[in-house]
Amino acid sequence: MAVSPAPISTEAYDAANGALSAASLAELRSNFAANPTNRIVQNAVTQVSVDDVALNRAIVTTTDHTFSTVLDDWAVTNQKQSGRCWMFAGLNLLRVGAMQKMGLKEFEFSQNYTLFWDKLERANYFYEAIIETRDQPLDNRTVGFLLDNNLMSDGGQWNMFVNLVKKHGLVPKAFMPETESSSSTRRMNSILRSILRQGAKELREMYADGAMLDTLRETKNTLLEALHRVLCIHLGTPPERFMWQWTDSDKQFHRTEEMTPQQFAAEFVTIPLDDYVCIVHDPRRTSPVGRTFTVEFLGNVLGGTQVKYLNVDIDLMKQVTQRSLENGEPVWFGCDVGKQMRRDIGLWDANMFEYDAVYGTDFSLDKAARLEYHETQMTHAMLFTGVDIVDGTPRRWRVENSWGIDNGQKGYYTMNDNWYDQFMFEIAARKDSLPADMIAALEQEPIVLPAWDPMGALAGE
């Protein structure tokens with residue numbers, strides 16, 4: 001049981017400006033020392049991780065990693081030191097059908113290939129945004145956001161993933177394997193940001209000197225040559241044509257004719273990407289259920305599908321997730337991964353850590369308030385591959401992560417259902433899995449959220 005600290009007397013503060021006085025500091029120290037629980041917890045937390053002290057043992061011992069529906073029988077992938085979770089989750093979804101069609105137990109599309117095209121497309125998207133905002137001052141909040149580190153992050157959204165696949169296709173991992181920079185993107189991204197900011201300065205100064213739009217775009221194309229060169233140096237050159245051959249699980253050999261990445265995707269992507277939509281749970285008062293939303297300057301492929309969300313109740317999101325899994329199809333999703341997570345055992349529960357008992361402090365912001373006060377946002381994308389149903393209701397969910405096999409249950413995690421309520425935000429789902437009124441709601445013109453809204457945060461990781 002947490003012991004509430006004694007209130008600090010008002011007299012302890014400087015009445016003129018609210019500054020901490022010597023008396024207030026002495027009172028803080030005295031109140032801490034007077035509570036023996038504080039000293040015991042201090043002894044513990046100064047020796048081991050606070051998460052080890054706060055861990056709710058009852059949750060660990062009452063949650064097993066079994067499920068009534070399990071789809072996966074393959075090994076997890078590893079995004080390593082990169083923020084490509086959304087891309088890995090998307091490719092992991094697509095590889096399920098590809099493995100079935102090829103008769104393989106293991107297969108990966110090249111994550112480096114989609115990374116290359118995302119970086120180049122995102123650079124073009126950035127330069128066009130700089131051109132669009134060319135008449136705004138540098139201290140304009142949107143311009144500042146564009147120039148921030150988000151301009152060449154590794155993160156992204158479902159619609160952005162679909163745009164890459166539809167425009168550039170896919171290749172097997174063997175034809176564009178990982179490089180040092182694809183597996184550890186930080187240094188490459190830093191170089192790309194420097195080039196992009198330098199280009200932004202050039203474009204804005206050209207506009208200030210009277211350059212017209214056609215001239216700005218000619219310069220943009222020259223700038224993109226440098227970006228393309230850097231990407232080829234770091235990631236390799238994407239293949240244009242190839243033949244794919246493999247031996248299936250029955251020891252039968254197969255070989256395709258020479259094909260482009262677009263043809264390969266058309267052959268081996270077995271789900272109808274155009275039929276998928278993003279549904280989110282955003283409980284803020286400013287985000288009514290049944291409305292569509294987009295986020296300003298959130299995208300990668302100009303001319304591609306707009307990033308668009310439909311806001312729904314959390315129970316509907318669960319129902320759609322459950323039905324998809326029971327129908328044999330994994331589900332792509334976005335969440336706030338680091339909250340209430342025990343990585344070594346691969347477990348999420350809304351009450352995993354009893355921080356209130358450790359600190360004697362209230363942690364009671366609800367989901368809407370956490371969004372409003374910058375306490376939560378989408379930080380990671382993964383794949384649901386199973387669910388445990390009791391009397392028709394889900395009690396826990398099986399998750400395929402992309403952090404390799406050395407965490408969780410060989411890379412798979414268990415999400416208790418109460419965590420889904422609090423920290424789940426988004427899934428990609430077939431349009432026809434929604435009720436009729438929600439399908440109709442998808443046709444609305446979306447409300448445009450500002451570029452820095454937390455619902456766009458997954459693309460900034």
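Visitor: In β10, which residue is the bridge partner of Thr 69?

Guide: A bridge is read as a pair of residues, one from each strand. In this predicted model, Thr 69 has Val 387 of β10 as its bridge partner. Thr 69 belongs to strand β1, residues 69-70, and two bridges join β1 to β10 in the antiparallel sense.

Visitor: Which residue of β11 is the bridge partner of Val 387?

Guide: In β11 the partner of Val 387 is Trp 397. Val 387 is thus bridged to Thr 69 and to Trp 397. The pairing of β10 with β11, residues 393-400, is antiparallel and runs over seven bridges.

Visitor: In what sense do β7 and β10 pair, parallel or antiparallel?

Guide: Antiparallel, over five bridges, with β7 spanning residues 331-335. One of the pairs to look for is Val 331 with Phe 384 of β10.

Visitor: How should I read the turn between β10 and β11? What phi does Asp 391 take there?

Guide: In a hairpin, look at the residues between the strands and at the sign of phi. Here two residues lie between β10 and β11, and Asp 391 has a positive phi near 55°.

Visitor: How many residues of β10 are buried?

Guide: For burial, the cut-off is a relative accessible area under 20%. Nine of the eleven residues of β10, residues 380-390, are buried, so the rest of the structure largely encloses this strand.

Visitor: What should I check on the two faces of a strand? Are the faces of β5 covered or uncovered?

Guide: Take the residues of each side as a set. In β5, residues 292-295, both faces are covered: Thr 292 and Thr 294 are buried on one side, and Phe 293 and Val 295 are buried on the other.

Visitor: Which residues are the bridge partners of Phe 293 in β6 and in β14?

Guide: On the β6 side it is Tyr 309, and on the β14 side it is Ile 447. The sense of pairing has to be read for each neighbour. β5 and β6, residues 309-311, are antiparallel and joined by two bridges, whereas β5 and β14, residues 447-449, are parallel over three bridges.

Visitor: How do I read the burial of a helix?

Guide: An α-helix has 3.6 residues a turn, so residues three or four places apart point the same way. Helix α8, residues 158-168, is mostly covered, with nine of its eleven residues buried. Among them are Trp 158, Met 160, Phe 161, Leu 164 and His 168.

Visitor: What covers the buried residues of α8?

Guide: The cover includes helices α5 (85-102), α6 (111-132) and α12 (261-268), and strands β4 (276-280), β7 and β13 (424-430). β7 also pairs with β10.

Visitor: What phi does the residue after α8 have?

Guide: Gly 169 follows α8, and its phi is positive, near 75°.

Visitor: How does the whole chain read?

Guide: Start with the count of elements: the protein chain has 17 helices and 14 strands. Next comes overall extent. A compact globule of 461 residues would have a radius of gyration near 23 Å, and the 25 Å of this chain agrees with that. The C-alpha atoms fill a box of roughly 80 × 65 × 45 Å along the principal axes. Buried residues make up 52% of the 461 residues.

Visitor: What share of the contacts join residues at least 24 apart?

Guide: It is 77%, taken among contacts between residues at least 6 apart in sequence.

Visitor: How many charged side chains are positive and how many negative?

Guide: There are 44 positive and 62 negative side chains, and the centres of the two sets lie 4 Å apart. The exposed surface is about 21,700 Å², of which carbon and sulfur atoms supply 50%.

Technical notes. Residues numbered from 1 in each chain as written. Predicted model: local features only at pLDDT ≥ 70, side-chain atom pairs only at ≥ 80, totals over all residues. Heavy atoms only, no water. Helix = DSSP H or I, 4+ residues; strand = E, 2+ residues; numbered from the N terminus. Rg over C-alpha atoms; globule rule 2.2 N^0.38 Å. Buried < 20%, exposed > 50% of the residue type's maximum accessible area, 1.4 Å probe, protein only. Contact = heavy atoms within 4.5 Å. Areas by Shrake-Rupley, 256 points an atom, 1.4 Å probe, with all protein chains shown as cover. Lys, Arg positive; Asp, Glu negative; His and termini not counted. Charge placed at Lys NZ, Arg CZ, Asp CG, Glu CD. Pairing = 2+ DSSP bridges.
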